[in-house]
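Biologist: I'd like a close look at a single part of this one. Could you walk me through it slowly?

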Amino acid sequence: MRSIIPDYLTEALGAVAPDNSGEPAGYIPELAAADPERLGAVFATVDGRVYGAGDIDTEFTIQSISKPFTYALALADRGFGPVLAGVGVEPSGEAFNEISLESDTGRPLNPMINAGAITAHSLAGSAELNPAERVERVVQGLSAFAGRRLKIDEAVCASEMEHAHRNLAIAHMLRSHNILTEDPRAVVDGYTRQCSVLVTARDLAMMAATLANRGVNPLSGEQVIREPVVRQVLSVMLTCGMYDAAGDWATQVGIPAKSGVAGGLIGALPGQIGIATFSPRLDSHGNSVRGVSLFERFSSDMGLHVMEVPAAARAVVRSNHVAGHGSDAIRVIQLQGGIGFAGAERVVRETLDTAPPEAGVALDLTMVYSIDDVARRMLLEVARRLTLDGHEVYLVDPESIMPDPDPGDGGRVTVIGDVEQALNSRAR
Ligand code: DON
C-alpha cells in the first residue's frame with residue numbers, strides 16, 4: 001500500500017496551483033527573477049519522517065524565515081534578559097519593514113519585523129564575535145536546525161544589499177537608541193547574509209520539526225535549543241510571525257508560522273509536525289499566496305489549529321474496581337493515556353469520591369503512556385494522603401513511567417508490576 005500522505009499533499013497542491021495571483025518579491029532584483037510557478041509542500045514528523053509533493057528540493061533563500069531561528073540562537077547564546085532588553089514580544093500589526101520602535105526606549109516591538117530581526121542578529125553568538133564570526137554562528141545554527149550544512153547565495157545577498165536603504169535606515173535608528181552597539185552597516189550586511197541562506201522546502205520542514213520536537217532535530221538527534229527557548233520562539237511566531245496578517249492567521253490557521261519573501265512558509269505544530277510550503281508569488285503582506293491557502297487547507301482538513309480543544313480528561317480513569325476478597329481486597333484505580341493537570345484532577349476527584357474502604361489502594365499506570373510534571377506531583381500527593389489515612393498504596397508501573405516515585409513526608413508507595421503481585425503480598 002502507498003502512504004496516503006503524499007497523495008493528500010499532491011491533491012492539495014493541485015487545488016491551489018491555478019491561483020496565480022500575487023507577485024514574486026520585486027524589491028530584490030534576484031528574487032523578482034524567480035520562477036513563479038514553483039510549488040511544493042512538505043510535512044516532517046517529530047520522529048523524522050518526511051512526506052512531500054512538488055518542488056521540495058528546489059533551493060531558494062530563507063529570507064525572513066531565518067528570523068525565529070536567529071532569535072532562538074540569540075536567546076540561547078545571550079540569555080532571555082539581554083535579548084528581551086533589546087527586542088520586545090508585542091505584535092506590531094504593521095508591515096515587516098516598518099520602523100516599529102517603542103517611542104521611549106527605541107526597542108523594536110518584536111523579533112519578526114526587520115527592526116527586531118536586525119537586533120536579534122546582532123545578539124547571536126557571544127558579544128566578542130566580529131561580524132564575519134557572527135554570520136558563521138548564524139549559518140552554523142540554522143544548519144543545526146536543518147540537519148545539514150547550509151550555504152549563502154552570494155548573488156541574492158549582493159542584490160539585496162544594493163537596495164538595503166530601508167534596513168540601513170532602521171539599523172541607524174537602532175544605533176541612535178543604543179539598541180545596536182555596533183556599526184549599523186556591518187549588522188545589516190550580516191542580517192542580509194542570514195536572509196540569503198539557501199534552503200529547500202524539505203530543509204524548512206525539518207527546521208520547523210525541530211521546533212515542534214522541543215528543540216531536538218528529529219534526524220540528527222541534536223538538542224539545538226532548550227525547551228524554554230522553543231516556547232518563547234513558538235509564541236512569538238504565533239502572535240507576530242505573519243506581520244499585519246497575524247490575527248487572521250492565528251484565528252484561521254492557528255499554527256505558529258513564519259513567511260519569507262522568496263516564497264517559503266513554515267509552520268510548527270508542537271509535538272506533531274513541521275510543515276513547509278514553497279511558492280514565490282506574494283500577497284500584499286509579503287506572505288506566499290498559495291502557501292497561505294495550503295496552510296488554511298492543512299489546518300482545517302486535519303484539525304491542526306493549536307487551540308483545538310483536546311478530548312476530555314474524563315477518559316483518564318479507565319476503571320475503578322475491587323480486586324481480591326475480604327481483608328486482602330484492593331481498590332484498583334486503573335488509569336490510561338497521557339496525564340496532565342486536568343487528568344490528574346480527575347484522579348484526585350475519583351479517589352475522594354470513592355473514599356476507598358479497602359486497606360490497599362493501587363494506582364494502575366499500566367496503560368498510561370505519559371505523565372507530565374504537575375500530574376506526577378499530584379498523583380504522588382494522592383498517594384501520600386492515602387498513606388496518612390492508613391492505606392497501603394501500590395503503584396502498578398511495569399514500564400517505570402513514573403521513575404523514583406517519592407510521595408514525600410509520611411507517604412509510602414510500593415511499586416509493583418501487576419495487581420496480582422499486590423494481592424499475593426497481602427495474602428502472605
Ligand atoms: O529584510 C528584508 O527585507 C528581507 N531580506 C527579508 C524580508 C522577508 O522575508 C519578509 N517576509 N515575508
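Let's zoom in: leaving aside its neighbours within four places in sequence, which residues is Tyr243 in contact with?

Modeller: Quick ground rules before we dive in. This is a predicted model, where local features need pLDDT of at least 70 and side-chain atom pairs count only at pLDDT 80 or more, while totals for chains, interfaces and linings use all residues. Residues are numbered from 1 along each chain as its sequence is written, and side-chain values use heavy atoms, with hydrogens and water left out.

Now, Tyr243. Its contacts (heavy atoms within 4.5 Å), once neighbours within four places in sequence are set aside, are Ser64, Lys67, Glu94, Phe96, Met112, Ile113, Lys258, Ser259, His285 and Asn287. Tyr243 sits in the loop between helix H11 (227-240) and helix H12 (246-252); helices here are DSSP runs of H or I with at least four residues, strands are E runs of at least two, and both are numbered from the N terminus. With a relative accessible area of 4%, Tyr243 is buried (that's under 20%; exposed is over 50% and partly exposed in between, using a 1.4 Å probe and protein chains only).

Ser64 deserves a second glance, as its side chain and that of Tyr243 are joined by a polar contact of 3.1 Å. Such a contact is a pair of N or O atoms within 3.5 Å; within protein, one must be able to donate a hydrogen and the other to accept it, and residues adjacent in sequence count only if both atoms are side-chain atoms.

Both residues also turn up in a record: the unreviewed UniProt entry's "binding site" annotation covers Ser64, Asn114, Glu160, Asn167, Tyr191, Tyr243 and Val261. UniProt positions are in the numbering used here, feature names are shortened, and annotations may be inferred rather than shown by experiment.

That list brings us to Tyr191, which is found in helix H9 (residues 184-195). Tyr191 is buried as well, because its relative accessible area is 2%. Leaving aside neighbours within four places in sequence, Tyr191 touches Lys67, Asn114, Ala117, Ile118, His121 and Asn167. Two of those partners, Asn114 and Asn167, are in the annotation too, and Lys67 is one of the contacts of Tyr243.

So what's the picture? Tyr243 comes from a loop and Tyr191 from a helix, and Lys67 is in contact with Tyr191 and with Tyr243.
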